[in-house]
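Me: I've got a structure open and I'd like to learn how to read it. Can you walk me through it?

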Number of protein chains: 2
Amino acid sequence: MQKESLSNQAMREIIAMIAGGAYRVGERMPAERSLCEQLGISRGTLRKALEGLEKLGVVSIRPNSGIYVNSLSDAKITHKLLPPAFDNVRLEDVVLARKAIEIPACALACERIDDKQIKALEKLARLMQDAVEDDLAGFLKHDMLFHQAIVQASGNMVLVKAFEAIYEYHRFSSVFTSQQEGEEQIAADFHEKILSALKRRDSVACQKIMTGHLDYMQRYNKTAPGDY
Amino acid sequence: MQKESLSNQAMREIIAMIAGGAYRVGERMPAERSLCEQLGISRGTLRKALEGLEKLGVVSIRPNSGIYVNSLSDAKITHKLLPPAFDNVRLEDVVLARKAIEIPACALACERIDDKQIKALEKLARLMQDAVEDDLAGFLKHDMLFHQAIVQASGNMVLVKAFEAIYEYHRFSSVFTSQQEGEEQIAADFHEKILSALKRRDSVACQKIMTGHLDYMQRYNKTAPGDY
DNA sequence: AGAATTGGTACAGTGAGTGTACCAATTTTA
DNA sequence: TAAAATTGGTACACTCACTGTACCAATTCT
């Protein structure tokens, strides 16, 4: 029963952002004063986190210039900065767990979703589509929010909590496998199809498309969203 | 990004222990000096937690005597002391989520479990059986460990993490529904059947029995363990 | 040339948690 | 019955993480 230090949490948060693709290699991250506000911590605490990340080789700090992202694969990241037992996790493990939670969630959501929730999903799908081209961070954020909103629409808060635990691993997906060209648009198309099935209350189709969407991440099943 | 205070964590932990059945109403809990060692915190922090719990009516502290457990249902427990959105959770939600995770885990465990893990499961089943009669705390503890060990035997750490998130809700099962006479023995019998199927590597049977076991908690399906 | 922004540094203050010590009342032990 | 052990109650000094503020020097933007 010990609390993790805020600076350590911040280190993990920043690594997750980089791994999730919010900042690309060589890119300059927001200034310290922006970052600490964004993370909700003081500048001193953020600097401590950055100091640690620089030692690990995750970022390079250039005075009077900014914070620059290095390649995560070259960095020596301590295990305590990754999700528990991350070194034993493969992409297929994450996909399997997500299917276990999200497919039943789809079925329930088809029965229970209300107009307000559908409106919210439409907005999330639109924001994600807008971010496909040039805003990877925004894309990933709204991708996550879309899936979470579906699980929430299931009305089962336990599923929501389980989904959050699983997504903690998915955030590091770039460590498993690199993003491919055009993948974002395909994901956005899948979301459109899922949303459409939800609106029709077509539980069978919804589960099927969600399965295809998640399998696609794993590159086992290359069924395109247009096939549904 | 704010840390929860240790004393607050301790409050939630103690409530979980009581809700989980570790201590019964009217019973005397361990002395402060034992409890704080058990929870891994200092006595001052524990006393702060107990002070809060007494104000909520969860416990009564009698000087020179001890800490006594009151009825949880009479206590006014703040929501921040329960799992997130706990008031919107029903027992069937927990069971559904557990089935989503544990049934696939059973299937994988049948393929991957090794002799050492089987030995560990046998020990857990035995310890749980020994606790059926007179050690509710031990019973619940080994119940949880048995299920966790199966999920771990699946070799999928993401499932393990999801299971832990879900079990956080199950710990409060006494808030959903009261324990019934003889229920412990039935659960122990189910565990025996599950273990037997695992040893035979009988994936279909294992999933089926696990389904029956979890459904039984919900009192929807009253199929007895002997029926498998 | 001046303003704004960058990381680097220092310092006082807060608050939670720890560890230790001791007290008074009660119960257990010898 | 007297001594020892155990109970919760209290106090105090200490550490540590974090906050908030302020200012610096170098660079870049206007």
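Me: Which backbone atom lies close to a phosphate oxygen of DNA strand C, and at what distance?

Reply: Look for polar contacts, meaning pairs of N or O atoms within 3.5 Å (within protein, one must be able to donate a hydrogen and the other to accept it, and residues adjacent in sequence count only if both atoms are side-chain atoms). Here a backbone N or O atom of Glu32(A) sits 3.1 Å from a phosphate oxygen of DNA strand C. On chain B, a polar backbone atom of Ser7(B) is 3.4 Å from a phosphate oxygen of the strand. Asn64(B) uses a polar side-chain atom instead, 3.2 Å from a sugar or linking oxygen of DNA strand C.

Me: Before we go on, what am I looking at?

Reply: A predicted model, where local features need pLDDT of at least 70 and side-chain atom pairs count only at pLDDT 80 or more, while totals for chains, interfaces and linings use all residues. Residues are numbered from 1 along each chain as its sequence is written, chains are lettered from A and ligands numbered from 1 in the order in which they are written, and side-chain values use heavy atoms, with hydrogens and water left out.

Me: How many residues surround DNA strand C?

Reply: A residue is near a strand if one of its heavy atoms lies within 4 Å of it. That gives 22 residues, with Arg43(A), Arg47(A), Leu6(B), Ser42(B) and Thr45(B) the closest. Of the strand's atoms within 4 Å of the protein, 66% belong to sugar or phosphate and the rest to bases.

Me: How are chain A and chain B related?

Reply: Two copies of a chain are related by a rotation about an axis and a shift along it. Superposed by least squares on the C-alpha atoms of residues with pLDDT of at least 70 in both, chain A goes onto chain B by a rotation of 180° with 0.1 Å of shift along the axis, RMSD 0.2 Å. The two copies are therefore related as by a two-fold rotation axis. In chain A, the C-alpha nearest that axis belongs to Ala162(A), 2.4 Å away.

Me: And inside chain A, what are the domains?

Reply: Bounds come from an automatic or database domain assignment: domain 1 is 6-81 and domain 2 is 86-227. Their C-alpha centres lie 27 Å apart. Counting contact as heavy atoms within 4.5 Å, 10 residues of domain 1 of chain A touch nine residues of domain 2 of chain A.
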